[in-house]
Amino acid sequence: MKPVIFAGSSNLPLAKNIATSLELSLGKAEITRFADSECRVRILEDVEEKDVFIIQSLANPVDENLMEFLLLGDAAKRGDPRRITAVVPYHGYARQDRIHRTGESLSAHVVAKLIESVHYDRLITVELHNESILGFFEIPVFHISGFTPFKPLVTQIKGDIVVVTPDAGALKRSQKFAESIDAPLALIEKKRDLDTPHKIVSMKVVGDIKDKTAIIFDDVIVTGGTLVNAAYLLKEKGAKQVIAAATHADFVGGVDKILKDAPIDKIWVTDTIYIPSDKKFSKLEIVPIAPFIASEMKKMIR
Ligand code: R5P
């Protein structure tokens, strides 16, 4: 039986590209809102005994997109499918993966439990902020590496390359990236003001970056603060060229201008999150993620 793919509204172009890669079209679903903003979802396909996939990026506005995604899962489950797979190209709340200050919630854990509460059977996701989040799930999680899509672009760079981890938290993922392209690693020591979201207090670079192309690898760009500050520091310390590679572009207003004006030569992102045309600019290269997600889904389709 053919699988049925439904999409939430956060990134319809990506969902369509994934479906096209699998030679399928998107299943029909109604997603509307009541006047008081409550979300209402209705599946308009017969899913009985079928494999169902629900695609939704948990990007800004994250809570709205999360609710839509949970209701889609619940609506589909009520049609008695064989199995429902959650396809979450960008997993919001992943940065709240531990308790940074006493009294905080463990939000990434809460989101994992919410996903399981509507009976998703499996999850496919891309570049989780921290792989330890996998442990918050009882269901199987298929994790697609966020740097694989950038590897063909690396081969176009001439001269010495160094992968730069923008903070200690990103060390493991940058290490894996550096190993996969056989490049050395440098580290930026970043200190944040934990009481003010997105505020960086200080940055130091450790490692040899002089006269090299420095590729800063991060999971997500939000305000651009991490990458822009790192780029200034790397150029000041003698990097020949700075490339920012970040899997998810969860751009807030104004970030396109900040990135355009920063001493960053190229910015590589994927389209796990929808990027409207007014947020695109010439040094931004968007690598399609659909083939990677579709190939993971293909392995699951009987
Ligand atoms: C932080 O731990 C994350 O990995 C990213 O570096 C951070 O969220 C990027 O945010 P921004 O663009 O606001 O600096």
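Start with the rings: searching this whole predicted structure turns up six aromatic pairs. Pick Phe147 and Phe217 to see one of them, an edge-to-face pair with 6.1 Å between the centres and 80° between the planes. Now colour by secondary structure. Phe147 sits in the loop between β7 (141–144) and α4 (151–154), while Phe217 belongs to strand β11 (residues 213–221), so this pair ties together parts that are 70 residues apart in sequence. Switch on a surface and check both partners: Phe147 and Phe217 are each buried. Then widen the selection to Phe147, Phe150, Phe177, Phe217 and Trp268, which ring pairs link into a cluster.

**Next stop: the ligand**

Keep β11 on screen and select the ligand. It has 15 residues around it, and the closest are Asp218, Asp219, Thr223, Gly224 and Thr226. Which element supplies the largest share of that shell? β11 does, with four residues.

Three polar distances are worth drawing here:

- Thr226: an N or O atom of its side chain is 2.6 Å from an oxygen atom of the ligand.
- Gly224: here a backbone N or O atom does the job, 2.8 Å from a ligand oxygen atom.
- Arg95: an N or O atom in the side chain is 2.9 Å from an oxygen atom of the ligand.

Now put a surface on the ligand. Taken alone, it exposes 380 Å², and the protein buries 93% of that. To see where the cover comes from by element, show β9 (185–192), β11 and α6 (225–236), the elements that give two or more residues to the shell. Recolour the shell by residue class and you should get three nonpolar, six polar and six charged residues.

**Over to Gln56**

Jump to the loop between β4 (51–55) and α2 (62–77), where you'll find Gln56. Is this residue buried or exposed? Gln56 has a relative accessible area of 1%, so it is buried, the limit being under 20%. Display side chains and look for Glu68: a polar contact of 2.8 Å joins the side chains of Gln56 and Glu68. For the rest of the surroundings, leave out neighbours within four places in sequence and select what Gln56 touches. You'll pick up Gly8, Ser9 and Ser10, then Asn65, Glu68 and Phe69, and finally Val87, Val88 and Pro89.

Stay in this loop for a moment, since Pro61 is also found between β4 and α2. Zoom in on the backbone leading into Pro61: the peptide bond from Asn60 to Pro61 is cis, with omega near 0°. Most peptide bonds are trans, and most residues other than glycine have a negative phi. That second point sets up the last two stops.

**Two positive phi angles**

Select Ser37 in the loop between β2 (29–33) and β3 (39–43). Ser37 is not a glycine, yet its phi is positive, at about 85°. With 47% relative accessibility, Ser37 counts as partly exposed.

Finish at Glu127, in the loop between β6 (122–126) and β7. What is its phi near? The value is near 35°, again positive in a residue other than glycine. On the surface view, Glu127 is buried, with a relative accessible area of 7%, whereas Ser37 is partly exposed.

Definitions and conventions
Residues are numbered from 1 along each chain as its sequence is written. Side-chain values use heavy atoms; hydrogens and water are left out. Rings of Phe, Tyr and Trp (its six-membered ring) pair if their centres lie within 6.5 Å; planes under 30 degrees apart count as stacked, over 60 as edge-to-face and the rest as tilted. Buried means under 20% relative accessible area, exposed over 50%, partly exposed in between (1.4 Å probe, protein chains only). A residue is near a molecule or strand if one of its heavy atoms lies within 4 Å of it. A polar contact is a pair of N or O atoms within 3.5 Å; within protein, one must be able to donate a hydrogen and the other to accept it, and residues adjacent in sequence count only if both atoms are side-chain atoms. Accessible areas come from the Shrake-Rupley method with a 1.4 Å probe; for residues, only the protein chains shown count as cover. Ala, Val, Leu, Ile, Met, Phe, Trp, Tyr, Cys and Pro count as nonpolar, Asp, Glu, Lys and Arg as charged, and the others, Gly among them, as polar. Contact means heavy atoms within 4.5 Å.
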